Amino acid sequence: NLRWLPARQFSGLSRSSSMAMIRYTTTIILVLAITHLPQIETVYDVNSASIHLERRGKRELPPANLRSVCGETNSSMCTTFETAQTSCLPVSPICNAVCNTASLTTVASGLNNVYDIATNSGYLYVVNANKGNVEKFKLDNTPISKSQPTVVASNLVNPWGVYVTSTAVYVSDTFNHQIKQYPTGANPATGGVVVAGGYGSGSAQNQLSYPYGLFVDCGGNIYIADSHNNRIVRWAPGAKTGCTVAGNANGQAGSGLKELNLPIDVRFDNQGNMFVVDSNNYRVLKFVPGSSTGIVVAGNGQKANGFNTAIGFYIDACDTIYLGATRGVIKFPPGSNGTGVPVAEVGYTGGITVDNNGTLFIGVRGGNEVQTCKLSSGQVTQPPPTTAAPRLACPAIVTPQTSCLPVSPICNAVCNTASLTTVASGLNNVYDIATNSGYLYVVNANKGNVEKFKLDNTPISKSQPTVVASNLVNPWGVYVTSTAVYVSDTFNHQIKQYPTGANPATGGVVVAGGYGSGSAQNQLSYPYGLFVDCGGNIYIADSHNNRIVRWAPGAKTGCTVAGNANGQAGSGLKELNLPIDVRFDNQGNMFVVDSNNYRVLKFVPGSSTGIVVAGNGQKANGFNTAIGFYIDACDTIYLGATRGVIKFPPGSNGTGVPVAEVGYTGGITVDNNGTLFIGVRGGNEVQTCKLSSGQVTQPPPTTIKAGGLCTDTYGAPTFLETFGAGKSEYSSATPATLGFTTTYTEKGRPTPDGSFTIVNDVPHDYNTWINGTDHTGNAGGYMLLVNAAGTPGEVFRRTVSGLTSGIRYQFSAFISNINYGYNLIKPNINFDIVTATNDTVARMSSGDINETQTLQWQKVGMSFVSPLTTLTLVMVTNAPGGSGNDFVIDDISLAPCVQAGQGTQAPQSTTAPISTEPVTQALTSTRAPISKAQGVCTDVLRIPLLPHTFGSDKAEYSTLASAALSFSTTYTERK
């Protein structure tokens with residue numbers, strides 16, 4: 001039973017006699033001498049008491065259970081560019097508010113020591129500390145909802161903080177010194193995953209000591225009030241260690257503006273400023289992005305109003321600070337630190353929060369309940385403008401998604417200029433162009449417009465466009481999605497978004513910049529080209545700041561993904577000089593036209609160092625005048641320059657090869673049918689050329705990332721299968737009449753393994769089955785009953801046409817396990833989206849569908865952004881049959897998702913544990929996240945794990961079968 005104490009390091013020792021002392025609990029002293037190894041470090045494995053020697057300078061961070069004697073026992077400071085994003089949760093617009101305590105209403109009762117609280121999607125989440133739970137209350141004002149919550153996390157020891165996103169609940173398991181994450185639908189007792197800490201109390205990089213409040217930003221980074229270490233730490237998604245963003249990294253308490261003493265909570269405002277409740281210093285500190293020095297904004301070292309007992313903490317849209325303390329809720333409007341102003345004097349208060357409707361929730365610790373008060377008074381304002389702070393680089397963990405728009409399969413192409421056709425005329429200085437759904441969008445720069453031309457080859461369509469954006473000043477770039485037009489309003493230093501159908505003069509919304517020319521986090525300086533990824537993030541060529549910036553949906557500030565964050569120009573591979581456009585290929589690589597360096601740089605995901613792929617510093621072919629920019633499916637680069645369109649096939653940077661020499665060229669693009677569109681600036685028109693020659697290939701394989709269920713849908717479903725209704729117990733309908741196929745065989749009673757039937761009540765074929773009726777709820781409604789086979793099989797397959805590429809859809813069904821009481825195999829269904837060639841582009845698993853005593857319908861499925869207009873929906877059993885795996889399915893649907901003010905909606909998981917899977921996995925594999933596949937490695941450092949050579953023999957045909965070679969195939973062996 002050895003216990004390793006912190007190693008003590010001795011000074012004044014030579015390299016040849018470096019020593020460290022480790023003390024056993026039995027007071028035996030071990031002296032270890034390492035001699036003549038000047039480049040070796042010593043790492044002690046706590047669990048196995050073994051010693052590892054590793055070459056200095058090459059050693060990666062030790063695993064969580066290792067310690068180093070070389071000063072790594074303390075959490076290191078985060079590098080300055082790794083700053084928080086803002087919250088992804090909506091914020092109430094009510095500022096500096098009060099409430100009438102006579103209107104207080106109880107919404108949750110029967111608690112035992114209320115700590116933190118949170119709201120999300122009509123539910124209240126409460127840390128019921130003495131019970132060790134997080135409990136969820138439905139906010140429908142009924143007595144049963146107030147007193148009978150659902151436990152979403154249990155077996156915690158004195159939990160404190162809770163933070164709820166659309167997909168998970170995060171909770172600080174305080175006395176276990178860890179943060180746990182519970183995905184939506186997870187088992188409250190066993191479904192929690194440790195995402196920070198978990199290695200006991202301590203100050204090492206992998207440890208926490210009594211974590212209290214926490215905050216999760218849009219990138220999934222967790223910010224934790226590591227209270228007894230007197231610091232705020234940040235934990236990136238999937239990381240085994242954290243880093244310190246405020247306070248001393250070694251855990252030392254202090255009262256300076258760079259120090260903390262028992263911090264209990266942390267929050268961010270919408271401008272990325274961090275606020276910390278520094279409890280034992282009786283103050284709240286504000287840290288502007290990039291700074292480790294706090295500004296006192298509340299408390300000012302005074303204990304008045306029970307500041308030293310504060311638990312609840314909230315920041316409103318105007319940076320008013322609210323605290324839940326001894327006498328109730330107090331507030332500190334911006335500029336007034338002092339002792340605070342009462343908001344609701346309800347006695348000893350725990351957690352507090354305000355939902356986006358302006359309702360204040362108060363955890364009343366004295367009454368063991370949560371009360372609400374509608375904030376009916378107070379000043380309603382817009383959030384304060386951000387002051388000029390240095391723009392900071394995006395964290396390396398944040399990598400781009402790919403485009404949601406279809407890409408032409410034609411690669412390395414040329415066109416016959418004799419076939420050029422004019423499709424738009426009467427323009428005045430053509431800059432960027434784009435196509436979408438049969439329309440051409442043109443930046444008519446000198447008119448300050450974006451104009452839309454119908455591509456039907458009629459004279460009126462060519463000369464009489466529709467203006468979709470106006471009143472712009474020298475606009476440059478345009479990007480069109482299925483729901484909106486994005487345009488760079490260049491001389492106004494901002495990006496504007498025009499939702500479909502918006503008034504062109506007044507309907508534009510500023511989504512990036514808008515605070516004048518400058519290099520602050522909220523500013524742009526002459527933005528040129530732009531790109532919008534599947535997540536709605538905008539990538540902008542911030543030309544006069546010599547960088548590429550990324551702006552998340554709804555964010556007030558951006559961050560730098562390429563170039564110097566401070567706007568400094570340069571010619572190194574980490575620097576840019578007047579970048580004019582940015583694009584991504586389908587593998588997530590970013591390409592930047594670095595205009596004044598006469599080159600195009602490629603940035604692989606996660607890297608801030610570019611690779612020269614075109615131009616190579618040469619002005620030939622008018623590279624320095626390039627405006628148009630396009631990347632094809634094979635990463636051939638096309639530029640619109642002085643003499644026309646030039647291309648750079650992969651591997652050939654140099655001066656480029658002519659594609660269409662039409663003179664001074666502006667924007668260029670290629671639609672998914674292989675038509676090249678050229679903005680001819682000399683002729684003030686747009687011409688097209690069908691790419692009739694060149695190498696035609698399939699685009700590189702792309703997997704569409706699947707998400708959880710959407711939170712809302714609009715209109716009628718694109719497809720809905722209810723299986724009909726009838727008086728007879730067994731339906732006369734067949735898959736053929738209903739328009740789907742299945743690999744299962746239709747049977748009546750009994751329904752054996754490997755078969756299905758369509759019924760309006762579960763029959764008593766087996767004593768394990770429970771009866772019940774369909775989900776649709778109509779009289780005699782039918783449902784699909786499946787008795788799964790011993791091997792995976794297709795339950796359902798149907799092709800759906802008429803989809804809109806780029807729109808997010810939800811593919812879902814209602815499923816119930818019809819077994820109960822015998823702990824049999826649980827149903828587990830894969831939801832697949834496949835193409836006409838049967839290529840899987842998105843997949844999610846339902847997870848196990850648990851037994852219930854009565855028939856309980858559970859909605860499961862996924863959302864995805866459609867890459868095509870026709871796709872096939874497939875449901876496949878992902879568990880063996882024979883001993884269980886019997887289920888019913890109803891109301892299979894495909895419907896578009898929508899978000900308020902947007903055309904599509906980010907996914908939100910509302911079901912059992914659902915996870916993405918690589919499309920190359922077998923259907924029986926365990927569920928794991930989709931990973932981005934890359935090309936073949938250029939070298940191999942180890943012996944192959946699977947060397948499959950198929951052996952050798954003199955005979956032409958081998959006698960070895962697949963089983964002998966330890967692989968399987970669906971093909972039949974023939975000699």
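A disulfide is a pair of cysteine sulfur atoms within 2.5 Å. The legends below describe close-up views of a predicted model.

**View 1. The disulfide of Cys95 and Cys318.** The structure contains two disulfides, and one of them joins Cys95 to Cys318 with an S to S distance of 2.0 Å. The link of Cys95 and Cys318 is right-handed, with 65° about the S-S bond. Cys95 belongs to strand 7 (residues 94-98), whereas Cys318 lies in the loop between strand 25 (312-315) and strand 26 (321-324); the pair thus links distant parts of the chain, 223 residues apart. Cys95 counts as buried because its relative accessibility is 2%, and Cys318 counts as buried because its value is 12%; the limit for this class is under 20% relative accessible area.

**View 2. The disulfide of Cys411 and Cys634.** The sulfur atoms of Cys411 and Cys634 are 2.0 Å apart and form a disulfide. With 70° about the S-S bond, this link of Cys411 and Cys634 is right-handed. Cys411 is located in strand 33 (residues 410-414) and Cys634 in the loop between strand 51 (628-631) and strand 52 (637-640), so the disulfide ties together parts of the chain that are 223 residues apart in sequence. Cys411 has a relative accessible area of 1% and is therefore buried. Cys634, at 27%, is partly exposed.

**View 3. Cys99 and Cys689.** Two further cysteines are shown for their surroundings. Cys99 has a relative accessible area of 10% and is buried. Cys689 is likewise classed as buried, with a relative accessibility of 0%.

**View 4. The largest nonpolar core and the contacts of Met590.** The largest nonpolar core comprises 58 residues, and Val450, Ile548, Met590, Val600, Ile637 and Leu639 have the most contacts inside it. Leaving aside residues up to four places away in sequence, Met590 touches Ile548, Val561, Ala562, Val582, Arg583, Phe584, Leu601, Lys602 and Phe603. A second core, separate from this one, has 57 residues, among them Ala129, Val162, Val233 and Phe313. In soluble globular proteins, nonpolar side chains tend to be buried together.

**View 5. The enclosure of strand 48.** Strand 48 (residues 590-594) is largely enclosed by the rest of the structure, because five of its five residues are buried. In a regular strand the side chains alternate between the two faces of the sheet. Both faces of strand 48 are covered: one side carries Met590, Val592 and Asp594, the other Phe591 and Val593, and all of these are buried.

**View 6. The hairpin of strand 47 and strand 48.** Strand 47 (residues 579-584) pairs with strand 48 in the antiparallel sense over five bridges. Within this pairing, Asp581 stands opposite Val593 of strand 48. The hairpin has five residues between the two strands, and Gly588 takes a positive phi near 85°.

**View 7. The hairpin of strand 48 and strand 49.** Strand 48 also pairs with strand 49 (residues 599-603), again in the antiparallel sense and over five bridges. The bridge partner of Val593 in strand 49 is Val600. Four residues lie between strand 48 and strand 49 in this hairpin, and Tyr598 in the turn has a positive phi of about 55°.

**View 8. The open sheet of strands 43 to 46.** Four strands, in the order 43-44-45-46, make up an open sheet with antiparallel pairing. Strand 43 (527-532) and strand 46 (559-563) are the edge strands, each pairing on one side only. From one strand to the next, the twist averages 25°. Strand 45 (residues 547-551) pairs with strand 46 in the antiparallel sense over four bridges, and Val549 has Thr560 of strand 46 as its bridge partner.

**View 9. Segments annotated as NHL repeats.** An unreviewed UniProt entry lists residues 202-238, 251-290, 518-554 and 567-606 under "repeat: NHL". Residues 202-238 are 0% helix and 43% strand, and the end C-alpha atoms of this segment are 20 Å apart. For residues 518-554 the chain is 0% helix and 43% strand, with end C-alpha atoms 20 Å apart.

Terms used. Residues numbered from 1 in each chain as written. Predicted model: local features only at pLDDT ≥ 70, side-chain atom pairs only at ≥ 80, totals over all residues. Heavy atoms only, no water. Core = buried A, V, L, I, M, F, W, Y, C linked by side-chain atoms within 4.5 Å. Buried < 20%, exposed > 50% of the residue type's maximum accessible area, 1.4 Å probe, protein only. Contact = heavy atoms within 4.5 Å. UniProt positions renumbered as here; feature names shortened; annotations may be inferred. Pairing = 2+ DSSP bridges. Axes fitted to C-alpha atoms, helices over the stretch in contact; angles between N-to-C directions.
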